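Student: Could you take me closely through one turn between two strands, and then place it among the rest of the model? I would like a careful, connected account that I can follow with the structure open in front of me.

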Amino acid sequence: MLRRWWSYWIGFLGIRIEGSQLEKFINLAASRGIPLYDLRREASGRLSAKVRMDGFRSLRHVARKSGSRMRIQSRYGWPFYASTLKRKRSLVIGVFSFVLTILIMSTFVWDVDVIGNDRVEKQQLLQVAREKGIRVGSWRPLIDVREAEHSLMGAFPGLEWVGVTAKGTRVVIEVQEKVLPKKPVVNGPCHIVAAKSGVIQRLMVLVGEGKVAEGERVAKDQVVISGLLYDHKPAAHTQAEEKPTPPKLLEKVQARGEVWAKVSYDQWIEEPVLLEGTVPTGAVSEQWRIKWGNQEIIIKGPRNNPYPTGSEEVSMRTPSLWRNLGIPVEIIKTEYHELRAFRQERTAQEALAAAQEKARQAVSGLLPPGARVLREMVLPQPAPPERVKVKVSVEVLEDIAVPQSIEAGP
């Protein structure tokens with residue numbers, strides 16, 4: 001590889017040798033240390049070879065002594081390319097200027113984009129970014145990405161994370177907004193109650209007074225954050241008073257917060273070991289009827305279901321002349337689908353696996369959005385002969401807080 005690069009750098013020639021003493025030509029060239037590459041004898045008796053430029057001059061003496069004639073057929077290598085480029089100086093300067101211009105222009109910012117924002121306005125983000133030098137036309141090496149990220153985080157408290165990426169001529173400002181707690185859907189003062197029974201794992205009270213502690217089991221509709229704020233300072237008692245006075249209600253507020261609890265979901269599925277039933281074969285026959293009053297006329301299709309085992313689907317359409325102006329005629333379409341019986345014998349394990357999958361799908365349909373599965377248990381249950389039964393219990397972590405209006409004050 002190194003020799004080829006060196007040959008390319010110093011240049012080499014493709015030559016053709018003619019004469020009656022070609023063997024003598026080869027021997028003299030070898031004795032003088034002139035390497036010949038790709039040496040081949042042609043059908044006409046001539047030789048073709050390649051030689052370096054620095055050896056071609058010495059090869060002339062060899063040709064003279066051997067009585068041979070040499071002719072240059074081709075030229076390769078950098079010296080010949082350089083000579084060509086020298087003759088096309090204007091073209092080289094133009095190409096070099098073009099590449100240099102592209103390289104210089106690629107160091108400027110030509111596009112600024114914002115992704116990930118929902119509540120924060122894009123123009124506000126771009127305005128703060130412009131103040132930090134991120135704008136179209138700015139020189140990319142002068143942009144301080146970290147400083148711009150800190151400025152954006154400080155300017156918008158609703159952002160959880162900001163990332164500024166400068167790639168090529170494009171700068172992307174990626175933001176992630178904070179997830180705010182859900183707003184109560186009721187108007188006026190309200191409590192936060194448990195939507196389901198569970199064990200409290202995390203309680204975050206934003207407004208109101210917490211009534212439960214983490215690790216405590218709560219029942220459905222139990223108040224977990226109260227919207228009634230009381231004065232819990234001990235009241236001054238006189239010796240004549242025997243009973244302490246109840247705390248004084250200070251204010252009714254709209255309770256807000258998050259209540260994350262462990263909630264269990266159970267599903268039981270019973271599955272037969274032997275599957276029997278019918279499946280459609282794909283064959284369909286259509287029947288079209290026109291009905292007016294109590295009269296019906298079949299205009300196309302069979303009178304009855306043509307298949308010994310099948311099902312039918314009926315659709316009805318009332319044509320209209322214009323807008324609400326219709327005619328007392330109904331067009332009825334009946335599709336007959338052919339069915340065939342099937343019988344599938346399974347092992348108890350296969351039936352149990354099918355029951356587990358159905359139970360998991362049933363539980364998944366019960367889970368609310370945002371719920372995180374903590375644990376799953378699959379327990380086989382006693383079942384009648386030729387059947388299997390399974391119970392799937394899933395424990396998830398979910399927010400069970402729902403607002404409930406305060407119906408009557410104390």
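Tutor: In this predicted model, the turn to look at belongs to the hairpin of β22 and β23, where five residues lie between the strands and Glu386 takes a positive phi near 65°. The two strands that this turn connects, β22 (residues 372-381) and β23 (residues 387-399), run antiparallel and are joined by nine bridges. If you follow the pairing away from the turn, you will find Arg372 of β22 standing opposite Leu397 in β23.

To place the hairpin, turn to the domain assignment, which gives domain 1 (1-82), domain 2 (107-177), domain 3 (266-273 + 346-400) and domain 4 (282-342). Domain 3 is thus written as two segments, 266-273 and 346-400. As for spacing, the centres of domain 2 and domain 4, taken over C-alpha atoms, are separated by 62 Å.

Going back along the chain from the hairpin, you meet an open sheet of four strands with antiparallel pairing, in the order β17-β16-β21-β18. Its edge strands are β17 (295-300) and β18 (310-317), each of which pairs on one side only, and from one strand to the next the twist averages 35°. The partner of the edge strand β18 is β21 (residues 330-345), which runs antiparallel to β18 and is held to it by eight bridges. Within that pair, Glu312 faces Tyr336 in β21, the two residues standing opposite each other.

Another open sheet is built from strands near the start of the numbering, and here too there are four strands with antiparallel pairing, ordered β2-β3-β1-β4. The edges are taken by β2 (37-41) and β4 (69-76), and because each has a single partner strand, one side of each is left without a neighbour in the sheet. The twist in this sheet averages 25° from one strand to the next. Inside it, β1 (residues 12-18) and β3 (residues 47-52) run antiparallel and share six bridges, with Gly14 opposite Lys50 in β3. Helix α1 packs on the sheet, touching β1, β2 and β3, and its direction makes about 85° with that of β3.

The same helix, α1 (residues 2-10), also meets α4 (residues 78-87), the two axes coming within 5 Å and crossing at roughly 35°. Tyr8, Trp9 and Ile10 of α1 make this contact with Trp78, Pro79 and Tyr81 of α4, and by class the contact residues are six nonpolar, no polar and no charged.

Helix α1 matters for one last feature, the largest pocket, whose space comes to about 290 Å³. Of the 10 residues that line this pocket, Arg3, Arg4, Ser7, Tyr8 and Phe12 lie nearest its centre. The elements giving two or more residues to the lining are α1 and β2, and α1 supplies the largest share, five residues. By class, the lining divides into five nonpolar, one polar and four charged residues. Tyr8 therefore deserves a second glance: it takes part in the contact of α1 with α4, and Tyr8 is also among the residues nearest the centre of the pocket.

How values were computed: Residues are numbered from 1 along each chain as its sequence is written. This is a predicted model: local features need pLDDT of at least 70, side-chain atom pairs count only at pLDDT 80 or more; totals for chains, interfaces and linings use all residues. Side-chain values use heavy atoms; hydrogens and water are left out. Domain bounds come from an automatic or database domain assignment. Axes are lines fitted to C-alpha atoms, for helices over the stretch in contact, and angles run from 0 to 180 degrees between N-to-C directions. Contact means heavy atoms within 4.5 Å. Ala, Val, Leu, Ile, Met, Phe, Trp, Tyr, Cys and Pro count as nonpolar, Asp, Glu, Lys and Arg as charged, and the others, Gly among them, as polar. Two strands pair if DSSP finds at least two bridges between them. On a 1 Å grid over the protein atoms alone, a cavity is a set of points where a 1.4 Å probe fits but cannot get out, and a pocket is an open set with protein on both sides within 12 Å along at least five of seven lines; lining residues have an atom within 4 Å of a point. Grid points are joined across faces, edges and corners, and a volume is the space filled by probe spheres set on the points.
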